[in-house]
Amino acid sequence: MARLSVFNSPLLLGFDHFERALDRVSKISSDGYPPYNIEQLGDNALRITLAVAGFTMGDLGITVEDNQLVVRGKQVDEAERVYLHRGIAARQFQRAFLLADGIEVKSAELAQGLLSVDLVRPQPERIVRKIKILARD
């Protein structure tokens with residue numbers, strides 16, 4: 001059975017990438033770890049802050065894959081430690097955020113157990129093009 005979509009309208013040309021983006025968002029894990037905040041820093045700037053207590057810079061990785069920002073963390077268990085109680089889990093995670101076209105990662109910083117990733121959307125120049133109309137006989 002064919003799936004109906006808002007994007008199937010003949011008036012919406014070239015918007016199929018939005019439909020693919022919505023499909024990707026629905027498949028992203030809903031696991032709540034690590035917790036995160038998203039802040040608006042200005043008209044064209046955002047900051048994603050993830051709580052990654054116990055992770056070092058070597059344990060973390062940030063990539064952008066097909067307009068998807070992916071933050072991964074993996075800790076290695078230290079075999080020589082003996083825990084009487086372990087409430088702080090050394091678990092790996094992967095958190096993904098779908099980025100709109102034109103959004104760029106400006107920087108990333110790890111401080112006091114918080115990983116901050118700053119994003120910007122540079123303002124494109126507005127270009128007006130005149131299209132020449134050809135006459136056909």
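**Exercise 1. The open sheet**

Task: In this predicted model, which strands form the open sheet, and in what order?

Solution.
- Start with the order: three strands form an open sheet, arranged β3-β4-β5. Their pairing is antiparallel.
- Next, find the edges. β3 (60–65) and β5 pair on one side only, which marks them as the edge strands.
- Then take the angle. Neighbouring strands in this sheet are turned by 15° against each other on average, direction ignored.
- Now go to one pair. β4 and β5 are joined antiparallel over six bridges.
- Finally, pick a position: V71 stands opposite R95 in β5.

**Exercise 2. The hairpin**

Task: How many bridges join β6 to β7, and which residue of their hairpin takes a positive phi?

Solution.
- Count the bridges: seven link β6 (residues 104–111) to β7. The two strands run antiparallel.
- Look at the turn. Two residues lie between the strands of this hairpin. Q112 has the positive phi, near 55°.
- Check the register: V105 stands opposite L119 in β7.

**Exercise 3. The nonpolar core**

Task: Which element gives the most residues to the largest nonpolar core, and what does L119 touch?

Solution.
- Begin with the core itself. The largest nonpolar core holds 15 residues. V52, L69, F93, L115 and L119 have the most contacts inside it.
- Sort by element: β2 (45–51), β4 (68–73), β5 (93–98) and β7 (114–120) each give two or more residues.
- Pick the top contributor. β7 gives the most, with three residues.
- Zoom in on L119. Leave out residues up to four places away in sequence; L119 then touches N44, A45, L46, I48, L69, L99, I103, E104, V105 and K106.
- Set this against a general trend: in soluble globular proteins, nonpolar side chains tend to be buried together.

**Exercise 4. Two aspartates in loops**

Task: Is D66 buried or exposed, and which side chain of opposite charge is nearest to D59?

Solution.
- Place D66: it sits in the loop between β3 and β4.
- Apply the cut-off. Exposed means over 50% relative accessible area. D66 has 65% relative accessibility, so D66 counts as exposed.
- Add a distance: the C-alpha atoms of D66 and L99 are separated by 8.8 Å, with their positions 33 residues apart along the chain.
- Now place D59, in the loop between β2 and β3.
- D59 is buried, yet has no salt bridge. K74 is the nearest side chain of opposite charge, 9.9 Å away.
- List the contacts of D59. Neighbours within four places in sequence aside, they are G54, R72, G73, K74 and Q75.

Notes: Residues are numbered from 1 along each chain as its sequence is written. This is a predicted model: local features need pLDDT of at least 70, side-chain atom pairs count only at pLDDT 80 or more; totals for chains, interfaces and linings use all residues. Side-chain values use heavy atoms; hydrogens and water are left out. A nonpolar core is a set of buried Ala, Val, Leu, Ile, Met, Phe, Trp, Tyr and Cys residues joined through side-chain atoms within 4.5 Å. Buried means under 20% relative accessible area, exposed over 50%, partly exposed in between (1.4 Å probe, protein chains only). Helices (H or I, at least four residues) and strands (E, at least two) are DSSP runs, numbered from the N terminus. Contact means heavy atoms within 4.5 Å. Two strands pair if DSSP finds at least two bridges between them. Axes are lines fitted to C-alpha atoms, for helices over the stretch in contact, and angles run from 0 to 180 degrees between N-to-C directions. Lys and Arg count as positive and Asp and Glu as negative; His and the chain ends are not counted. A salt bridge is a side-chain nitrogen of Lys or Arg within 4 Å of a carboxyl oxygen of Asp or Glu.
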